Amino acid sequence: MTAYQTRGAFWGRILAGACVLAILAVCLVAGNYVQATVNQLKSTHQVFNDRQLRNGYVAMSDIQRLVLVLQEALSAGRMTPEAAADFQAAADFLYVRTDNFRRVLGTRTDQQTARQAIAQLEVIGAIADDAIAADFDDLDQLWIDLTEQSQQARQALVIYMDEMRRLQDALLLKQSLAVERQLSLLWTTLGGLTVLGIAAIVLLRREVMSRRARQVAEERVHHLAFFDSLTGLPNRVQFQDRMSALLNGNAAVTLLLVDLDDFKLVNDTHGHAAGDAILRHVSKTLSRIVQDQDAFCARLGGDEFSVLIQSDDLDRLIPLCERIINDVGETIQFEGEALAVNASIGLATNTQIGAEIDVNVDSLFRVADFALYASKSNGRKIFTIYDKELEQQFLDRRAMVDELPRAITDGSMEFFLQPKVLLNTEETYGFEALVRWRRNGEIVPPQIFIATAEESGVITDLDCHVLRQASRKLAKFNARHGTEFSVSINFSALHFNSDKLVGVIAEALEYSGLRPDLLTIEITESVEMRDWDKAKQIIAGIHNLGAKIAIDDFGAGFSSLAYLRKTVADEIKIDRSLIEDIESSDTSRFLLDSVLDIAHNLKFAVTVEGIETAQQARIVSEMGAGNAQGYYFGRPLPADEALSIALDQIVGTETAVAVG
């Protein structure tokens, strides 16, 4: 090394040391400044934390529950034991909410609106306690007192929550100003440090640093090519390479596909950060479980993991699956909240695959995925072993996938009609078109072939086939008999990711001659759409044609409110799950009443599905629903038979009117 290089290295170290000291000084000053700002923000934040706002909203709900129970008692003319119990429970909830409200507020003296709200809640609690103690001897007076105090309490709560929101806005502004001041300080400091840093970097060994940078980058690229960045587990590429090597060596291999149940609900409810915490928990769990096994685990993508085991011994594999399900399902803590998801497993060994299937990486994945699908279909949180019985189902499904396109064109796909009725008269005003597949002389259950059509992509052709046939049949029938029956047709969410749907519907309307306002396209609420912006454009195009949009199975999926917010629909069809216990459950009635209230306020037409008894029909009608559908009014029947019955009903009604 020359004297010049030695001097350069010396001054480079001096400058580097000066940079380090300067950075430490800046960090110390900035850290103290930021800490002081954070402490001040924390102090103010306690005034309006989320729990206080949440207490305000829930307290309103508790008050409403008291009023509803009392209202039902007044309607009935007395406070029944069941209603009294509900009233007691609502009062207890309000007491707990008020107490929690008070504890959250603590000893703060600057929250007069909060204390006024608490005082009003205590008054309501006292009114409720007095009424319970008096065994509800004067319901009318209780109603007067409770409604008067409820209104005052709601006003106090609204004032309180409005003040909290204003405080939030003020704090956000204060925080923004603090950040701007910090940025000014940092930019000024960084400008000076940049000059020092450039001088130090020039004098230091640039070649060594560049080589190190290249090495780190190469290691990073290599890591990303074979490992998952979130969990650190091997990725699909590395996993498939390992499995291919084992299969080529004719080793006994078992593949476990581990898929999380309802993982999207965690992301939707708690956020993606919580979902990432769950994924890291699962990866650590799998790594711990397989570390003492002759096994290899990976994350394939999303919420799907895999485990590769060099064994086909079921006596060893079954306990392993049970342990994975139990350990993955353990609750973890994330930001003070308990999170948990369950896992389903599909297990397949290369020695269990029959001669009709070539054993390779792709086929082993397919059969393991089929076993996983069986676990999901049979209740989840279980494992399913791919065996001879499941293989027969797999081969049948593969044959079904091959036959579906031909079935659409050869006439074996039939559409049935189920009546939709007006509840007040039980007259049929329209139908829902339901597809049935007559395969080898037998009707294939729709839940089997519809799912297969969805997975294979044939569902789009199938839906369009039903649209053309059903609209043509209804148009001809209406023209022949002077009727105005409408028809509803279910469409897969896959259509709403394509630009072709509006053109297909327009073509079907022109081909059939059906009046556009008699056609309703149903979107299944339990299916998520990938591109809402495109979906809304398609829905607008359908409306421009004059056809209608309905949200099917409303209340059964994960995004009911999202669908109401994002979809410009004309009708919602309430899922049968909301009315199954309506004859005996007050909770079911309350839920249905809430949904009906939302629908009516948003100007939706409502059809209640799954009506199976006269009592259900009566209750739903009394609650304000106008339209219904279910086995009580008629099962799905071949189109000609269903239309004939509806026509006979009209003729019978006209005859009765004429005789009368």
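Take buried to mean under 20% relative accessible area. With that cut-off in hand, here is a look at part of this predicted model, starting with a short helix.

Helix 8 covers residues 263-270, and its buried residues are Phe-263, Val-266 and Asn-267. Look down the axis of helix 8 and those buried residues fall within an arc of 95 degrees, so they line one face of the helix. That fits the usual geometry: an α-helix has 3.6 residues a turn, so residues three or four places apart point the same way. What do the buried residues of helix 8 pack against? Their partners are strand 1 (254-261) and helix 9 (272-290). After helix 8 comes Gly-271, with a positive phi near 100 degrees.

Now for the sheet. Five strands make up an open sheet in the order 2-3-1-6-7, and the pairing is mixed. Strand 2 and strand 7 sit at the edges with a single partner strand each, so one side of each has no neighbour in the sheet. From one strand to the next, the twist averages 20 degrees.

Here are the residue ranges of some of these strands:

| Strand | Residues |
|---|---|
| Strand 1 | residues 254-261 |
| Strand 2 | residues 295-301 |
| Strand 3 | residues 304-309 |
| Strand 6 | residues 342-349 |
| Strand 7 | residues 383-385 |

Strand 1 pairs with strand 6 in the antiparallel sense, over eight bridges. One residue pair to look at is Leu-256 and its bridge partner in strand 6, Leu-347.

Helix 9 ties in here too: helix 9 lies across strand 1, strand 2 and strand 3, and runs at about 5 degrees to strand 3.

Note on methods:
Residues are numbered from 1 along each chain as its sequence is written. This is a predicted model: local features need pLDDT of at least 70, side-chain atom pairs count only at pLDDT 80 or more; totals for chains, interfaces and linings use all residues. Side-chain values use heavy atoms; hydrogens and water are left out. Buried means under 20% relative accessible area, exposed over 50%, partly exposed in between (1.4 Å probe, protein chains only). Helices (H or I, at least four residues) and strands (E, at least two) are DSSP runs, numbered from the N terminus. The arc is that of the directions from the helix axis to the C-beta atoms. Contact means heavy atoms within 4.5 Å. Two strands pair if DSSP finds at least two bridges between them. Axes are lines fitted to C-alpha atoms, for helices over the stretch in contact, and angles run from 0 to 180 degrees between N-to-C directions.
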